Structure formats: C-alpha cells, structure tokens
Amino acid sequence: MKHLKYYVYCLLFMMMSCTESENKLQAAVFETSAKGNQLTKINEFQKSDIKVNIRLKPEQTFQTITGFGGAFTESSAYLLNKLSKENRDTILRAYFAKEGARYSLTRTHMNSCDFSLSNYSYSPVEGDKNLEHFTIEEDMDDLIPVIKDASAISEDGFKIFASPWSAAPWMKDNNSWVGGKLLPEYYDTWALFFSKYLDAYKAEGIDIWGFTVENEPHGNGNNWESMHFSPKEMTDFVQFHLGPKLEHDGYGDKIILGYDQNRAGLKEWVDEMYRDEASSKYFDGTAIHWYESTYDYFPEALQYAHNKAPEKLLIETEGCVDSEVPKWKDDAWYWSKEATDWGWDWASEEEKHLHPKYAPVNRYARDIIGCLNNWVDGWVDWNMVLDRQGGPNWFENWCVAPVIVDPDADEVYFTPIYYTMAHFSKYIRPGAKIIGLENSDEELMVTAAQNPDGSIVVVTFNETETPKSINLSMHGKVKEFAIDAKAIQTIVISN
C-alpha cells in the first residue's frame with residue numbers, strides 16, 4: 001500500500017511538472033544594461049514590485065522587415081584599413097558574422113560626403129555629359145575592399161543602397177559642392193550617373209540593391225556636400241529621367257527611395273511622390289532620418305506616410321548622435337543624459353524643446369522600437385566606425401558611431417550603441433513580420449516580430465530607474481522574467 005501511494009504521488013508530480021512545462025514559453029533572454037550587461041544571456045531574474053503584462057498576438061501582422069544595419073563611409077573604411085588585420089577583422093565580424101550583429105541592410109555614398117576625407121566626384125571632367133570619364137577610382141583603396149570583406153564574412157548576405165550628397169559642381173547652378181540645384185540640362189546626365197555607378201560596382205563584384213535619390217534634399221545649412229530638390233523636382237527627376245533610364249539599361253529592378261530627410265517633412269513629400277500612378281511606379285518607398293528631435297519618433301508622420309502608400313517601403317536610412325565627440329571607453333556616458341545634438345546649440349527657440357540632452361542608448365532604443373511600431377521596415381545607422389574625435393570628417397562635423405577606434409594605438413571600443421543595434425539586427429531577420437501585442441505598462445517600450453523560421457522575437461526597453469517584472473504570454477503559455485532599470489532586452493521564443 002505504501003508503495004502504491006508513493007507511485008501515485010510520483011505520477012501526480014510528473015503530471016503537474018509536465019503541465020507546468022507545457023504552459024511555459026521556451027524563451028531565451030538577452031540584456032544590455034547600464035549596469036554592464038552586453039547582450040548577455042540572463043537566466044536568473046530579480047523580481048520587482050512593478051509587474052508588467054505583455055500578451056503577444058502573432059495572428060495580427062504588420063510590415064515585413066527589410067533589415068537593420070549601418071553605413072559604409074570612406075571615413076569608416078579608411079579607419080578600418082589603418083588598424084591591424086586582427087582588429088579590422090574583429091570589427092567586421094562583429095557587424096556581419098553570424099556570431100555578431102548580422103547586419104542585413106547597409107548604405108554607402110556616391111561621390112564624397114561629409115564623412116569622406118576630401119571632396120571628390122566620379123565625374124571629374126567638366127562638361128562630360130555622356131560621362132565618358134566616369135570613374136570610381138576614389139573608392140578603390142578603402143571603401144570597396146571593406147565592402148567586399150564584409151560580404152565575404154556575412155553568411156546571409158546583406159543589401160546595400162547608395163545615396164548621393166551632391167553632383168559634381170559643374171552640373172549645378174551654383175558651381176559648388178554645397179547647396180545649389182542640379183541644372184535641368186544635366187538631368188539626363190545625372191540619371192546616367194546612377195546607371196554608370198551600378199555598372200562600375202557590378203564590375204567589382206558588388207551588387208547594389210538600390211538608391212535614395214538625394215541625401216537631405218532640403219540641404220544641411222550650407223555646411224557640407226548637398227544638392228537641393230523640392231518634392232516636385234525630385235519626383236519629376238525620378239519619373240521622367242532616373243526611373244526610365246534605369247529601366248532602359250536593364251536596372252528596372254533596383255530600389256528607388258524618395259525624400260531621405262527628417263520625418264516632420266514626410267507629408268509634403270509622399271503627397272508629391274505618390275501623386276499619381278505614373279510617378280508612384282518608380283518609387284519603391286520613402287527614406288527618412290531622425291534629426292528632427294532627440295526623442296520624438298513622429299508616429300503621426302510615419303502613419304501618414306504608410307497610409308499614403310501602404311505597399312511601399314518606409315526605411316530609416318540615417319541616424320546618429322551628431323555634433324558630439326564620442327566618449328572613449330566610458331559606457332556610463334552612453335546611458336546618461338549628457339549627450340547633445342545639433343539642435344541643442346543651433347535650433348530655433350520654438351524648436352529647442354525637441355532637442356534636450358538625451359542618453360545615446362535611449363535615443364537608439366526608443367527610436368527603433370517606435371519606428372517598428374509605426375510601419376518602418378528598415379533601420380540603418382550612420383558610420384559603422386569613427387575615431388576618438390568622431391571623425392575623420394573633412395568639415396569637422398563630429399559624430400558618434402557604435403564602434404570607436406584609436407588607429408594610432410590600434411585600440412577598439414565597442415560602445416553600448418553597438419549592443420543596442422545588435423538587439424534588433426541579430427535577432428529580427430529580413431522577412432520577419434511585426435506582430436501585434438498588448439502591453440500594460442506605458443513606460444516600457446515593446447515591439448515584437450515573427451521570423452521566417454517561425455521564431456518570435458520581443459524587444460523591450462526600460463528607460464526608467466526601476467526594474468520591472470514581466471509576464472509574457474502567448475496562446476496560453478507564459479514566460480516570467482524581469483528587466484533591469486535602464487536596460488534593453490531581446491527575448492527569443494523558439495518554435
């Protein structure tokens with residue numbers, strides 16, 4: 001009888017354990033925090049009095065993800081090539097290898113930009129309307145070798161799109177690198193320029209996915225390379241010149257993204273870009289930047305752009321902590337509200353409130369989650385690598401990058417921004433779909449996606465000074481864990 005009772009007890013215990021196991025979500029939690037975690041897998045959690053309920057709704061789907069990544073600039077490539085082979089490889093693997101951030105969407109510049117070592121153009125000969133002297137020689141030493149090596153490291157591959165900052169001065173009405181407009185007589189030449197660029201990079205074994213038509217068509221305050229377009233001028237250029245030229249030359253499959261500047265200006269641009277079927281035909285989507293504010297991700301503008309053209313792409317093509325010298329090996333700075341941006345110093349009084357001091361990690365995590373929850377399908381950082389000054393930059397327009405190097409000492413610093421980017425790029429893969437969720441805590445930012453392999457990824461960001469306990473549920477199954485104060489987490493739910 002005693003043995004029977006023991007048997008029944010064991011059976012009940014096994015049934016209860018089995019039921020409990022069946023009700024648990026199988027999930028791994030990775031955290032980056034102000035306390036020092038760096039994409040660290042967390043197995044033990046401190047409970048908090050603040051409890052958050054998150055319910056996932058995978059049956060509710062939104063946009064399909066194009067990718068996450070950063071930009072290949074001449075400045076970054078030059079620095080990488082000044083490092084030892086060991087450190088150069090370490091950085092490229094950290095960005096592109098399977099064990100790294102697995103960047104899947106990248107950008108580069110056509111002709112020079114502020115993060116070049118000097119002003120240069122692929123069309124150096126004045127009056128060369130047929131671009132018989134077109135050359136990418138300037139890219140051969142640094143930019144192209146780095147792109148090739150990144151491609152060799154990436155197992156999944158990555159998309160790369162290119163953006164011009166300015167045509168050569170001889171094509172412009174002010175004959176200058178800075179400001180001015182493309183002369184109408186060179187519209188066809190400029191369209192040919194894009195096609196020639198595709199040919200030249202293809203000859204180097206680099207397949208360009210597409211373009212933004214012009215980086216920051218409103219200009220940049222007449223500081224570094226720029227070329228101005230109105231919404232109508234850009235749309236006309238694409239509809240009557242660039243689109244047809246790419247089609248004619250066998251490049252009709254290349255992506256064309258319009259606009260490529262701050263979100264507050266989205267309405268007037270998408271209204272013009274998608275003014276009718278004839279213009280919409282050539283635009284595959286809209287490119288945006290984040291410099292309008294250090295904290296506001298402009299959800300209303302993003303919703304408007306999506307609703308205007310629901311089937312088109314909406315990609316964040318540039319963002320960085322700008323006008324700031326990075327702090328060398330000081331993780332705490334990236335988590336503290338000490339950083340400024342251009343607006344802190346130079347914004348008008350009525351716009352000053354949009355540019356408070358704000359922690360760099362907060363800015364990235366808040367913006368990426370806010371974008372993903374408002375139809376943005378791709379998010380691309382600016383320079384992948386900069387030096388301790390925040391350059392090199394011919395205009396001395398210093399910025400911060402996720403990886404900072406000291407080329408003279410051959411030292412590398414992976415900032416908390418690198419790990420913040422990896423929370424998204426490593427786990428949310430191209431082809432994933434953003435899914436619905438319910439979140440009981442307005443202070444905790446949350447987004448979720450289902451990958452093509454069926455795994456579900458949840459990213460949470462706790463900007464507050466207080467840890468929070470989380471009850472994550474889906475289809476009746478639950479995962480209980482906690483997020484630390486000032487922390488970002490990625491939760492990967494396996495099939």
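**Salt bridges, a buried strand and nonpolar cores**

A salt bridge joins K267 to D271, with the closest N and O atoms 2.9 Å apart. The model is predicted. Both partners belong to helix 7 (residues 266–273). Because K267 and D271 are four residues apart in that helix, about one helical turn separates them. K267 has a relative accessibility of 46% and is partly exposed. D271 is also partly exposed, with a relative accessible area of 22%.

The salt bridges number 28 in this model. One of them pairs E411 with K329, and here the closest N and O atoms are 2.6 Å apart. This pair links distant parts of the chain, the two residues being 82 residues apart. E411 lies in strand 14 (residues 411–414). K329 sits in the loop between strand 10 (313–318) and helix 10 (331–335). E411 is partly exposed at 30% relative accessible area. K329 is partly exposed as well, at 44% relative accessibility. Shared partners join K232, D236, E272 and R275 into one salt-bridge network. Within this network, R275 forms a salt bridge with E272, and their closest N and O atoms are 2.6 Å apart. R275 is partly exposed, with 29% relative accessible area.

Strand 9 (residues 285–289) presents another setting. Five of its five residues are buried, so the strand is largely enclosed by the rest of the structure. In a regular strand, side chains alternate between the two faces of the sheet. In strand 9, both faces are covered. G285, A287 and H289 are buried on one side. T286 and I288 are buried on the other.

Strand 9 has parallel partners in strand 8 and strand 10. Strand 8 (residues 255–262) runs parallel to strand 9 and is joined to it by five bridges. Across this pairing, Y259 stands opposite A287. Strand 10 also pairs with strand 9 in the parallel sense, over five bridges. Here T286 of strand 9 stands opposite L314 of strand 10. Helix 9 (residues 299–308) completes a right-handed β-α-β unit with strand 9 and strand 10.

The UniProt record, an unreviewed entry, lists residues 65–428 as "domain: Glycosyl hydrolase family 30 TIM-barrel". Over these residues the chain is 33% helix and 16% strand. The end C-alpha atoms of this range are 8 Å apart.

Nonpolar side chains tend to be buried together in soluble globular proteins. In this model, the largest nonpolar core holds 128 residues. F72, F96, Y201, F237 and I428 touch the most other members. Helix 5 (residues 187–203) gives the most to this core, contributing 10 residues. Leaving aside residues up to four places away in sequence, F72 touches F96, T106, R107, T108, H109, L143, V146, I147, A150, F158, I160 and M384. Another core lies apart from the largest one and has 20 residues. Its members include L25, V29, I54 and L56.

How values were computed:
Residues numbered from 1 in each chain as written. Predicted model: local features only at pLDDT ≥ 70, side-chain atom pairs only at ≥ 80, totals over all residues. Heavy atoms only, no water. UniProt positions renumbered as here; feature names shortened; annotations may be inferred. Salt bridge = Lys/Arg side-chain N within 4 Å of Asp/Glu carboxyl O. Buried < 20%, exposed > 50% of the residue type's maximum accessible area, 1.4 Å probe, protein only. Pairing = 2+ DSSP bridges. Right-handed = clockwise from strand over helix to strand, strands pointing away. Core = buried A, V, L, I, M, F, W, Y, C linked by side-chain atoms within 4.5 Å. Contact = heavy atoms within 4.5 Å.
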